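Grab a notepad and work through the exercises below. Each one has a task, then a solution you can follow step by step.

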Amino acid sequence: IELLTQRVKDDTGIQEIILALNPTLEGRNTSLLIERRLRAAIPAERELKTTHLACGLPKGGELEYADEETITSALENRK
């Protein structure tokens with residue numbers, strides 16, 4: 001995290017960070033920690049977009065095999 005923070009701080013050309021972590025509670029907490037550290041490391045007027053990989057139902061997947069959390073995630077992140 002420290003190396004990423006330093007790189008983003010030094011390279012003002014970086015406009016977006018894509019976080020690719022597991023969609024678990026631990027992964028979400030780690031994403032939040034990374035986002036907070038990045039925001040604290042750069043000036044407030046600099047725009048830095050942080051995004052996450054999509055998660056939810058796989059294309060062609062069967063709804064009957066999806067758990068409640070997967071369906072909720074798919075609904076919240078729909079396009």
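**Exercise 1: a residue on the helix**

Task: is Arg 37 buried, partly exposed or exposed?

Solution. Arg 37 has a relative accessibility of 36%, so it counts as partly exposed (buried is under 20% relative accessible area, exposed is over 50%, partly exposed is in between, with a 1.4 Å probe and protein chains only). Before going on, some ground rules: this is a predicted model, where local features need pLDDT of at least 70, side-chain atom pairs count only at pLDDT 80 or more, and totals for chains, interfaces and linings use all residues. Residues are numbered from 1 along each chain as its sequence is written, and side-chain values use heavy atoms, with hydrogens and water left out.

Next, place the residue: Arg 37 sits in helix H2 (helices are DSSP runs of H or I with at least four residues, strands are runs of E with at least two, numbered from the N terminus). Then list its partners. Setting aside residues up to four places away in sequence, Arg 37 touches Ile 1, Glu 2 and Thr 5 (contact means heavy atoms within 4.5 Å). Finally, try a distance: the C-alpha atoms of Arg 37 and Pro 58 are 32 Å apart, with these positions 21 residues apart along the chain.

**Exercise 2: checking helix H2**

Task: what span should the 17 residues of H2 have, and which of its residues are buried?

Solution. Start with the length. At 1.5 Å a residue, H2 should span 24 Å (1.5 Å times one less than the number of residues). The end C-alpha atoms of H2 are 25 Å apart, which agrees.

Now the burial. Gly 27, Ser 31, Ile 34, Leu 38 and Ala 41 are the buried residues of H2. Looking down the axis of H2, they fall within an arc of 95 degrees, so they line one face of the helix (the arc uses directions from the helix axis to the C-beta atoms). On the other side of H2, Leu 25, Arg 36 and Ala 40 are exposed. The cover over the buried residues includes helix H1 (2-10), E1 and strand E2 (49-52).

Zoom in on one of them: Ser 31 has a relative accessible area of 4%. Beyond its neighbours within four places in sequence, Ser 31 is in contact with Leu 19, Leu 21 and His 52.

**Exercise 3: strands and core**

Task: in which sense do E1 and E2 pair, and over how many bridges?

Solution. E1 and E2 pair in the parallel sense over 4 bridges (pairing takes at least two DSSP bridges between the strands). Among the partners, Ile 17 bridges to Thr 50 and Ile 18 to Thr 51. Add the helix, and E1, H2 and E2 make a right-handed β-α-β unit (with the strands pointing away from the viewer, the path from the first strand over the helix to the second runs clockwise).

Now look at the faces. In a regular strand, side chains alternate between the two faces of the sheet. E1 has Ile 17 and Leu 19 on a covered face, and Glu 16 and Ile 18 on an uncovered one.

Last step, the core. The largest nonpolar core has 8 residues: Val 8, Ile 14, Ile 17, Leu 19, Ile 34, Leu 38, Ile 42 and Leu 48 (buried Ala, Val, Leu, Ile, Met, Phe, Trp, Tyr and Cys residues joined through side-chain atoms within 4.5 Å). Strand E1 (16-19) and helix H2 (25-41) are the elements that give two or more residues to this core.
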